[in-house]
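The exercises below are meant to be worked with the sequence and the coordinates side by side. Try each task before reading the solution that follows.

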Amino acid sequence: MLRAGGRRLLVPGLRRLGLGAGEAGPAAAVTAVRAYHERVVDHYNNPRNVGSFDKDDPNVGTGLVGAPACGDVMKLQIRVDEGSGKIVDACFKTFGCGSAIASSSVATEWVKGKQMEEVLTIKNTEIAKHLSLPPVKLHCSMLAEDAIKAAVKDYEAKKGKTGQKGEDSPAEKAAEA
């Protein structure tokens, strides 16, 4: 019932643009309007891992990043198993557009179960490609990559791993590569 009502709302406006039901049918006209890939819509409507951990927990790294130009703010947190160095859980809170929320949601899914060094290799281009983000929304995937790096850096700072025994941390090694 909602679908039929939506068609009635969209199709008359699309007829003015030459995309009405007469040319390709109402379903084609509605599909032509959709600007986001179905994965973006899915992660926006059903975000995974929303929430937050205690930022003072020594096993939690918090990355807080934002883009003042567009107003997106992203907080991504990771919980790391001390013994194995694996990320056992991740969560996020994002204030922003659907693409920013979807990028955060994907990022939390991708970091779970991976080693710290491994998550630092996740690139914004991979997130953008997975979500089929339009060029104007690429900054959202860049924020997700930055949030992952910031969370790892925060965790390492809490653990005092940077500069310990003259060894570089995984974040420093990745930055040098």
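**Exercise 1. A loop histidine**

Not counting residues up to four places away in sequence, which residues does histidine 37 touch?

*Solution.* Begin by placing the residue in this predicted model: histidine 37 lies in the loop between α3 (26-33) and α4. A search around histidine 37 that leaves out residues up to four places away in sequence then returns Leu131 and Ser132. The backbone can be checked next, where the C-alpha atoms of histidine 37 and leucine 131 are separated by 6.5 Å, although the two residues are 94 apart along the chain. As a last step, consider accessibility: histidine 37 has a relative accessibility of 24% and therefore counts as partly exposed, since the buried class requires a value under 20%.

**Exercise 2. The overall plan and its confidence**

Determine the order of helices and strands along the chain, and decide which stretches should be read with caution.

*Solution.* Counting the elements gives 9 helices and 3 strands, and reading along the sequence gives the pattern α-α-α-α-β-β-β-α-α-α-α-α. Of the 177 residues in the chain, 36% are buried. If one takes the contacts between residues at least 6 apart in sequence, 58% of them join residues at least 24 apart. The exposed surface comes to about 10,000 Å², of which carbon and sulfur atoms supply 55%.

Turning to confidence, the pLDDT averages 79 over the chain, and 71% of the residues score at least 70. Residues 1-23 have a pLDDT below 50, and this stretch makes 18 contacts in the model beyond near neighbours in sequence. Residues 162-166 also have a pLDDT below 50, with 4 such contacts.

**Exercise 3. The strands**

Trace the pairing of the strands, using arginine 79 as a reference point, and locate the glycines with positive phi in the hairpins.

*Solution.* Start with β1 and β2, which run antiparallel and are joined by 8 bridges. Within this pair, valine 60 stands opposite arginine 79 in β2, and glycine 63 stands opposite leucine 76 in β2. The hairpin of β1 and β2 has 4 residues between the strands, and here glycine 71 takes a positive phi near 90 degrees.

Continue to β2 and β3, which pair in the antiparallel sense over 8 bridges. Arginine 79, already found across from valine 60, also stands opposite aspartate 89 in β3. This second hairpin has 6 residues between the strands, and its glycine 85 takes a positive phi near 80 degrees. As for burial, β1 is mostly covered, with 6 of its 8 residues buried.

**Exercise 4. A helix under cover**

Is α5 largely enclosed or largely open, and which elements cover its buried residues?

*Solution.* First check the geometry: α5 has 14 residues and reaches 20 Å from its first C-alpha to its last, close to the 20 Å expected at 1.5 Å a residue. Next count burial, which shows that 11 of the 14 residues of α5 are buried, so the helix is largely enclosed by the rest of the structure. Among these buried residues are Ser99, Ile101, Ser105, Val106, Thr108 and Val111. The cover over the buried residues of α5 includes α4 (38-45), β2, β3, α6, α7 and α8. Just after the helix, glycine 113 takes a positive phi of about 80 degrees.

**Exercise 5. The nonpolar core**

Identify the residues with the most contacts inside the largest nonpolar core, and the element that gives the most to it.

*Solution.* The largest nonpolar core has 30 residues, and those with the most contacts inside it are Ile78 and Val111. At least two core residues come from each of β1 (60-67), β2 (72-80), β3 (87-95), α5 (98-111), α6 (116-119), α7 (124-131) and α8 (138-159). It is α8 that gives the most, with 8 residues. Leaving aside neighbours within four places in sequence, valine 111 is in contact with Ile78, Ile87, Ala90, Val119, Ile122 and Ile148.

**Exercise 6. An asparagine in a helix**

Is asparagine 124 buried or exposed?

*Solution.* Asparagine 124 is in helix α7. Its relative accessible area is 16%, so asparagine 124 is buried, the cut-off being 20%. Beyond four places in sequence, its contacts are Ser141, Met142 and Glu145.

Terms used: Residues are numbered from 1 along each chain as its sequence is written. This is a predicted model: local features need pLDDT of at least 70, side-chain atom pairs count only at pLDDT 80 or more; totals for chains, interfaces and linings use all residues. Side-chain values use heavy atoms; hydrogens and water are left out. A nonpolar core is a set of buried Ala, Val, Leu, Ile, Met, Phe, Trp, Tyr and Cys residues joined through side-chain atoms within 4.5 Å. Buried means under 20% relative accessible area, exposed over 50%, partly exposed in between (1.4 Å probe, protein chains only). Contact means heavy atoms within 4.5 Å. Two strands pair if DSSP finds at least two bridges between them. The expected span of a helix is 1.5 Å times one less than its number of residues. pLDDT is the predictor's confidence in each residue, from 0 to 100. Accessible areas come from the Shrake-Rupley method with a 1.4 Å probe; for residues, only the protein chains shown count as cover.
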